[in-house]
Amino acid sequence: EINKYGKGAFRTDIPSTNAGKINVNDGTFSLNGNTHENSGSINIAANAVFGVVGNAIYTINEGSSFTGTGLYSTGLNGTQGNTIWNKLLSSLNFKWEMRNGTSSGSAITLNNAENFWWGGTINHQLDIASGASLKFTAFASHILNGTLNNYGNFNWETGPSILCNGAIINNFGNFYFNSQAGDIWRIINGSGTNRFNNFSSGVIENGPGSITIEPETSLQGTLE
């Protein structure tokens with residue numbers, strides 16, 4: 001069992017495998033470069049951070065579990081990271097952050113009230129649970145190559161576009177475009193077939209700026 005204490009940072013630059021337990025009780029624990037695998041348990045305490053940085057490739061395998069409400073960051077501090085979710089995880093209670101790099105593999109469900117998509121590429125199904133939220137903010141390019149199901153709140157704060165490649169966006173919750181005067185935001189058709197579906201329970205709200213949805217759309221809910 002590994003226990004990280006103190007507000008400072010710990011970083012490993014060599015390949016690693018965890019089949020036991022890692023407790024990040026405070027500060028930052030990060031995997032830098034190389035390849036890393038997990039089939040054990042990771043606890044990220046409320047004020048702690050677990051990061052994948054420096055173009056590291058982190059594979060989450062069968063047997064993996066996560067507890068705690070701290071921050072899990074792919075691309076922490078803006079350096080590219082890569083997470084491969086080889087296990088379907090439907091109860092992630094940590095704060096999920098996609099800042100730079102790729103997130104691939106099986107579907108994951110976000111349950112925390114605070115999650116962040118600053119940039120990077122999502123290659124899998126991402127579900128935002130009822131009561132959860134995902135804040136969309138500009139740092140790097142945003143690319144969606146999978147399905148995004150929003151049952152909670154999707155808050156688009158800043159950033160010009162999402163590039164969709166074979167992507168489906170399903171809104172069952174609240175989709176807020178917080179655009180300001182002069183903003184021109186776009187959901188862009190890339191390759192493949194892309195769709196944006198707003199279902200009967202969905203609310204789409206736009207600010208004074210402009211939003212263009214290029215993929216084929218089905219709008220059954222409320223537009224404000």
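How do the residues of the lining of the largest pocket divide into nonpolar, polar and charged? In this predicted model, seven are nonpolar, six are polar and one is charged.

## Largest pocket

The largest pocket holds about 150 Å³ of space. Its lining is made up of 14 residues, and those closest to the pocket centre are Ile 2, Ser 16, Thr 17, Asn 18 and Ile 22. Four elements contribute two or more residues each to this lining: strand E2 (9-12), strand E3 (16-18), strand E5 (28-32) and strand E6 (35-38).

## Ten-stranded sheet

Strands E3 and E6 also belong to an open sheet of ten strands. The strand order is E3-E6-E9-E12-E15-E18-E21-E24-E27-E30, and the pairing is parallel. At the edges are E3 and strand E30 (210-213), each of which pairs on one side only. The average turn between neighbouring strands of this sheet is 10°, with direction ignored. As a general point, strands of a sheet pair through backbone hydrogen bonds, in either a parallel or an antiparallel arrangement.

One pairing within the order given above is that of E21 with E24. Strand E21 (residues 142-144) and strand E24 (residues 161-164) run parallel and are joined by two bridges. Ile 143 has Leu 163 of E24 as its bridge partner.

## Pairing of E4, E7 and E10

Strand E4 (residues 21-24) is joined to strand E7 (residues 41-44) by four bridges, and the two run parallel. Asn 23 stands opposite Asn 43 of E7. E7 also pairs in the parallel sense with strand E10 (residues 65-67), here over three bridges. Ser 41 has Ser 65 in E10 as its bridge partner.

## Gly 20

Gly 20 is located in the loop between E3 and E4. Is this glycine buried, partly exposed or exposed? Gly 20 counts as partly exposed because its relative accessibility is 40%, and the partly exposed class runs between 20% and 50%.

Apart from neighbours within four places in sequence, Gly 20 is in contact with Gly 40 and Ser 41. Ser 41 is the residue whose bridge partner in E10 is Ser 65. Between the C-alpha atoms of Gly 20 and Gly 207 the separation is 48 Å, and these two glycines are 187 residues apart along the chain.

## Asn 170

Strand E25 (residues 168-171) contains Asn 170. This asparagine counts as buried because its relative accessibility is 12%, where buried means under 20%. Which residues does Asn 170 touch, not counting residues up to four places away in sequence? They are Thr 147, Leu 148, Asn 149, Asn 150, Asn 197 and Phe 199.

## Asparagines with positive phi

Most residues other than glycine have a negative phi. Asn 55 has a positive phi of about 65° although it is not a glycine. The residue sits in the loop between strand E8 (49-53) and strand E9 (56-60). With a relative accessible area of 44%, Asn 55 is partly exposed.

Asn 77 likewise has a positive phi, near 65°, and is a residue other than glycine. The loop that holds Asn 77 lies between strand E11 (71-74) and strand E12 (81-85). Asn 77 is exposed because its relative accessible area is 66%, and exposed means over 50%.

Terms used
Residues are numbered from 1 along each chain as its sequence is written. This is a predicted model: local features need pLDDT of at least 70, side-chain atom pairs count only at pLDDT 80 or more; totals for chains, interfaces and linings use all residues. Side-chain values use heavy atoms; hydrogens and water are left out. On a 1 Å grid over the protein atoms alone, a cavity is a set of points where a 1.4 Å probe fits but cannot get out, and a pocket is an open set with protein on both sides within 12 Å along at least five of seven lines; lining residues have an atom within 4 Å of a point. Grid points are joined across faces, edges and corners, and a volume is the space filled by probe spheres set on the points. Ala, Val, Leu, Ile, Met, Phe, Trp, Tyr, Cys and Pro count as nonpolar, Asp, Glu, Lys and Arg as charged, and the others, Gly among them, as polar. Buried means under 20% relative accessible area, exposed over 50%, partly exposed in between (1.4 Å probe, protein chains only). Contact means heavy atoms within 4.5 Å. Two strands pair if DSSP finds at least two bridges between them. Axes are lines fitted to C-alpha atoms, for helices over the stretch in contact, and angles run from 0 to 180 degrees between N-to-C directions.
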